[in-house]
Amino acid sequence: RTPRRPRRVMTESAMDAEFFGAPAWAWVQLCAAVFAISTAGVMFQQLPHVPPLLLASWRMQATALLLAVGAAREWRVADGDVRARWFKTWPRLGFSGVCLGAHFGAWVAGLQTTTLARSLLLVCTTPLFLAFGALALCLPTSAGELAGAALGFCGVAMVASDRHDGERETATWQGDVLSLGAAFYIVGYMLVGADVRRWMPLCMYAGPVTAVAALCTATVSYLVEDTEGSGGVLGWAFSGFSSYFLVTMYLALVPGLVGHTGYNAVLKHISPLVVSTSLTMEPLLGSALGYAVGLADAPGWRTGVGGVVIVASVVTVIVAKGRNPR
């Protein structure tokens, strides 16, 4: 008799199997991150009477508390060199936090003063600002990046020209400008993060930066907004299980941890080009979700066409940048 061959022991689970060069779990996590981030706009609109800077501060406060746990754990295992470099990097972390706070403050204000679809489309134009910034600083810029940026400008102009008002939402140029401003403000956060995250653990970066963002938005909100009706700067934390607390915790846990932290985590396994391109799905998914739950109207045809142009331009810039790394 021919001896039986021993069965191979499967030591690799299905989620560890590789698809297109990355583990299956990484693709699942990326899909979850994109969907989680796409729900943020709808959830912010659940509290329309809370002043925008205060609401942005609540989101940052809750997220900073959650990230503090991970930051403390990373600090305990970090070596002396990483800790020393972390202290020296504080000015840059502070700048990044100011940019993050400005981003969320402007975006929430934009969401409250224009339509959901327009705000989501305009806030995703950050790669266009990066391309124009590289050109202004005389950095090497490919023809694809410039073409994508020019195409994006046309898309923004088409969206801005749409004066279609629905039953639930009204488009305003102020809200559009605020949403574009949010796309611009996040540039500083991204540039600092791209540099220091080469050696700094995730939560040791995101935790302090988010805390600075929470402090900045809370301070400005206290100075310029009427926060008493919403319970003050810490109103979400002392409101029991009210909508203030539940929505804020959702924003921190789902778009914050599952979304943004998950997005950063999969960058070790999936190409940044693929990850960045996948995030252009946020305007489509967020707008569809808002329409499905009855918070948003169907966009006008100019917003629809301009939105397609904006998304195509952002993808063009991302792909061109990936082929022409600096």
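How many salt bridges does the structure hold? The structure, a predicted model, holds three salt bridges. The close-up views below present these salt bridges, one helix, two selected residues and a pocket.

**Figure 1. The side chains of Asp195 and Arg92 form a salt bridge between two helices.** The nitrogen-to-oxygen distance in this pair is 2.5 Å. Asp195 belongs to helix H9, which spans residues 173-196, and Arg92 belongs to helix H5, which spans residues 90-113. The two partners are 103 residues apart, and the pair thus links distant parts of the chain. Asp195 is partly exposed, with a relative accessible area of 28%. Arg92 is also partly exposed, and its relative accessible area is 36%.

**Figure 2. Arg92, Asp195 and Arg198 are joined into one network.** Asp195 forms a salt bridge with Arg198 as well, and here the closest N and O atoms are 3.9 Å apart. Arg198 has a relative accessible area of 70% and counts as exposed, because the cut-off for that class is over 50%. The network arises from salt bridges that share partners. Asp195 takes part in the bridge to Arg92 and in the bridge to Arg198.

**Figure 3. Arg118 and Asp176 meet in a salt bridge between buried side chains.** The N to O distance is 2.4 Å. Arg118 lies in helix H6 and Asp176 lies in helix H9, so this salt bridge ties together parts of the chain that are 58 residues apart in sequence. Are the two partners buried or exposed? Both Arg118 and Asp176 are buried.

**Figure 4. Thr303 of helix H14 is a buried residue.** The relative accessible area of Thr303 is 5%, and Thr303 is classed as buried because this value is under 20%. When residues up to four places away in sequence are not counted, Thr303 touches Ala117, Arg118, Leu121, Val159 and Asp162. One of these contacts, Arg118, is the salt-bridge partner of Asp176.

**Figure 5. Helix H1 comprises residues 24-38.** This helix has 15 residues and reaches 22 Å from its first C-alpha to its last. That span is close to the 21 Å expected at 1.5 Å a residue. Which residues of H1 are buried? They are Ala24, Ala26, Leu30, Ala33, Val34, Ala36, Ile37 and Ser38. In an α-helix there are 3.6 residues a turn, so residues three or four places apart point the same way.

**Figure 6. Glu282 of helix H13 is in contact with residues that include Ile37 and Ser38.** With a relative accessibility of 13%, Glu282 counts as buried. Apart from neighbours within four places in sequence, the contacts of Glu282 are Ile37, Ser38, Trp107, Leu120 and Ser287. Ile37 and Ser38 are among the buried residues of H1. Glu282 and Leu53 are 229 residues apart in sequence, and their C-alpha atoms are 22 Å apart in space.

**Figure 7. The second largest pocket is lined by 17 residues.** About 280 Å³ of space lies in this pocket. Which elements give two or more residues to the lining? They are helix H6 (116-123), helix H13 (282-292) and helix H14 (301-323). Leu121, Pro283, Leu284, Ser287 and Pro299 are the lining residues that lie nearest the centre of the pocket. By class, the lining has eleven nonpolar, five polar and one charged residues. Two of the residues nearest the centre also appear in earlier views: Leu121 is touched by Thr303, and Ser287 is in contact with Glu282.

How values were computed:
Residues are numbered from 1 along each chain as its sequence is written. This is a predicted model: local features need pLDDT of at least 70, side-chain atom pairs count only at pLDDT 80 or more; totals for chains, interfaces and linings use all residues. Side-chain values use heavy atoms; hydrogens and water are left out. On a 1 Å grid over the protein atoms alone, a cavity is a set of points where a 1.4 Å probe fits but cannot get out, and a pocket is an open set with protein on both sides within 12 Å along at least five of seven lines; lining residues have an atom within 4 Å of a point. Grid points are joined across faces, edges and corners, and a volume is the space filled by probe spheres set on the points. Helices (H or I, at least four residues) and strands (E, at least two) are DSSP runs, numbered from the N terminus. Ala, Val, Leu, Ile, Met, Phe, Trp, Tyr, Cys and Pro count as nonpolar, Asp, Glu, Lys and Arg as charged, and the others, Gly among them, as polar. A salt bridge is a side-chain nitrogen of Lys or Arg within 4 Å of a carboxyl oxygen of Asp or Glu. Buried means under 20% relative accessible area, exposed over 50%, partly exposed in between (1.4 Å probe, protein chains only). The expected span of a helix is 1.5 Å times one less than its number of residues. Contact means heavy atoms within 4.5 Å.
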